[in-house]
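Please open the structure in your viewer and keep the selection tool at hand. The stops below say what to select next and what is there.

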Amino acid sequence: MKATINGETRELPDGLTVGTLLAELGTAPTGVAVARNDCVVRRSEYDSVRIGEGDRVEIIKAVAGG
Amino acid sequence: MANAGDALHIGRYALSSRLIVGTGKYPSMETMTAAHAASGARMVTVAIRRINLDDPTGKTMLDYIDRERFLILPNTAGCYTAKDAVLTARLARELLETDLIKLEVIGDAQTLHPDARETLAAAEELVADGFTVLPYVGDDPVACKQLEELGCAAVMPLAAPIGSGLGICNPYSIAVIKERATVPVIVDAGVGTASDAAIAMELGVDGLLMNTGIAAARDPVLMAEAMKYAVLAGRRAYLAGRMKKRLYANASSPVDDLIESRHA
């Protein structure tokens with residue numbers, strides 16, 4: 001299955017949940033937020049929302065800014 | 001020198017300092033945290049960006065902000081459309097568990113002036129979605145009034161272009177915006193040094209948001225302290241009510257009972 005993570009197309013296992021994706025990336029779920037196809041995925045939904053073929057996933061964090 | 005009894009109220013939030021500071025452009029994180037402490041600020045801004053997939057475990061700005069002391073005001077900086085700004089705000093809300101958002105929708109990369117149409121559209125959507133919206137806006141009394149009418153919790157007109165340090169370029173517009181506003185007016189962008197901060201506060205605005213004016217100083221920690229005092233001084237001068245300006249001198253010492261010496 002192909003999906004786009006932060007603008008990069010990646011080959012991912014079918015049925016991958018958001019929570020598993022973050023774990024595989026090695027990202028602590030508390031320091032990020034996730035959107036799938038322009039909709040925010042609530043933290044409580046990380047283990048139930050699955051990434052599908054062609055999905056666009058954004059994973060963001062807080063950075064320096066004014 | 002606390003701000004006792006003179007809190008800045010934004011929506012349901014009360015801040016004991018009228019200075020809001022950024023987290024960008026500091027030479028180091030140590031300098032930033034020391035500057036934040038020296039500024040006396042109680043609210044700091046952060047930006048929202050994609051994580052680096054090549055280093056997804058890296059630290060984030062949240063590792064450097066004491067949330068017991070500081071409210072975090074995430075921004076939508078870098079967004080050019082209402083759609084991107086709204087999604088960024090919603091991501092920030094999920095990340096930070098806050099309804100606060102500094103709405104910034106840029107219309108032009110060189111001036112970094114806001115796009116009024118996109119800002120208004122995003123503000124309407126975010127207010128309806130329950131956000132406490134603080135929009136960055138031009139020094140335009142009409143746009144400020146429209147944002148207020150949409151339900152924004154404050155308006156944040158620029159004093160000069162972002163990062164320019166040019167100071168309060170149009171004090172008359174800022175004064176008109178303040179006179180007409182019923183929500184807090186926070187001057188956002190353009191303050192370069194302490195006198196600029198004092199001038200803005202003397203115009204009666206409710207607060208200042210600054211980043212580069214502190215972060216790009218030779219000594220950011222010392223400048224942060226200077227800004228703290230400038231905001232306090234300007235605020236007190238505004239509350240005190242300045243004397244009337246007059247064209248000719250008016251002696252401060254008595255004009256009678258003067259001694260006389262013999263003139264040769």
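The crossing of helices α2(B) and α3(B) is right-handed. This is a predicted model, and the tour starts at that crossing.

**Stop 1: two packed helices**

Select residues 82-96 of chain B, which form helix α2, and residues 116-128 of chain B, which form helix α3. Two packed helices are described by the angle between their axes and the distance between the axes. For α2(B) and α3(B), the angle is about 35 degrees and the axes are 8 Å apart.

Now show the side chains where the two helices meet. On α2(B), pick Ala82(B), Ala85(B), Val86(B), Ala89(B) and Arg90(B). Facing them from α3(B) are Glu118(B), Ala121(B), Ala122(B), Glu125(B) and Leu126(B). Sorted by type, the residues of this contact are seven nonpolar and three charged, with no polar ones.

**Stop 2: a three-stranded sheet**

Keep α3(B) on screen and add strands β6, β7 and β8 of chain B. These three strands make an open sheet in the order β6-β7-β8, with parallel pairing. The edges are β6(B) and β8(B), the latter at residues 156-157, and each of them pairs on one side only. Helix α3(B) packs on this sheet and touches β6(B) and β7(B). The direction of α3(B) makes about 170 degrees with that of β6(B).

Strands of a sheet pair through backbone hydrogen bonds, either parallel or antiparallel. To see one such pairing, select β7(B), residues 132-137, together with β8(B): they are parallel and share two bridges. Within this pair, Tyr136(B) has Met156(B) in β8(B) as its bridge partner.

Next, move to the loop between β6, residues 100-103, and α3 of chain B, and pick Leu112(B). Its phi is near 55 degrees, a positive value in a residue other than glycine. Is Leu112(B) buried, partly exposed or exposed? Leu112(B) counts as partly exposed because its relative accessibility is 27%.

**Stop 3: strand β10 and its neighbours**

Select residues 207-210 of chain B, which form strand β10. In a regular strand the side chains alternate between the two faces of the sheet. In β10(B), Gly207(B) and Leu209(B) lie on one side, while Leu208(B) and Met210(B) lie on the other. All four are buried, and both faces of the strand are covered.

Add strand β3(B), residues 19-21, which pairs with β10(B) in the parallel sense over three bridges. Look there for Ile20(B), which stands opposite Leu209(B). Then add strand β9(B), residues 186-188, which also runs parallel to β10(B) and is joined to it by three bridges. Here Ile186(B) has Gly207(B) as its bridge partner.

To follow the chain from β9(B) to β10(B), show helix α6(B), residues 194-202, as well. Strand β9(B), helix α6(B) and strand β10(B) make a right-handed β-α-β unit.

**Stop 4: where chain B touches chain A**

Display both chains and select Ala47(B), which lies in strand β4 of chain B. Ala47(B) counts as buried because its relative accessible area is 3%. Its contacts, leaving out residues up to four places away in sequence, are Lys61(A), Ala62(A), Val63(A), Ala64(A), Gly65(A) and Asn75(B). For a distance check, draw a line from Ala47(B) to Ala160(B): 20 Å between C-alpha atoms, across 113 residues of sequence.

Lys61(A) also leads to the next selection, Lys59(B), which touches Lys61(A) and Tyr64(B), again not counting residues up to four places away in sequence. Lys59(B) sits in the loop between β4 (43-50) and β5 (71-74) of chain B. With a relative accessibility of 57%, Lys59(B) counts as exposed. Its C-alpha is 34 Å from that of Gly167(B), and the two are 108 residues apart in sequence.

**Stop 5: a loop in chain A**

Turn to chain A and select Asn37(A), in the loop between β3 (33-36) and β4 (39-41) of that chain. Asn37(A) has a positive phi of about 50 degrees although it is not a glycine. Asn37(A) is partly exposed, at 29% relative accessible area.

**Last stop: chain B as a whole**

Zoom out to show chain B complete. Chain B has eight helices and ten strands. Its C-alpha trace spans about 90 × 40 × 35 Å along the principal axes. Of its 264 residues, 51% count as buried. Among contacts between residues at least 6 apart in the sequence of chain B, 66% join residues at least 24 apart.

Methods: Residues numbered from 1 in each chain as written. Chains lettered and ligands numbered in written order. Predicted model: local features only at pLDDT ≥ 70, side-chain atom pairs only at ≥ 80, totals over all residues. Heavy atoms only, no water. Axes fitted to C-alpha atoms, helices over the stretch in contact; angles between N-to-C directions. Left-handed = near helix turned anticlockwise from the far one by under 90°. Contact = heavy atoms within 4.5 Å. Nonpolar A, V, L, I, M, F, W, Y, C, P; charged D, E, K, R; others polar. Buried < 20%, exposed > 50% of the residue type's maximum accessible area, 1.4 Å probe, protein only. Pairing = 2+ DSSP bridges. Right-handed = clockwise from strand over helix to strand, strands pointing away.
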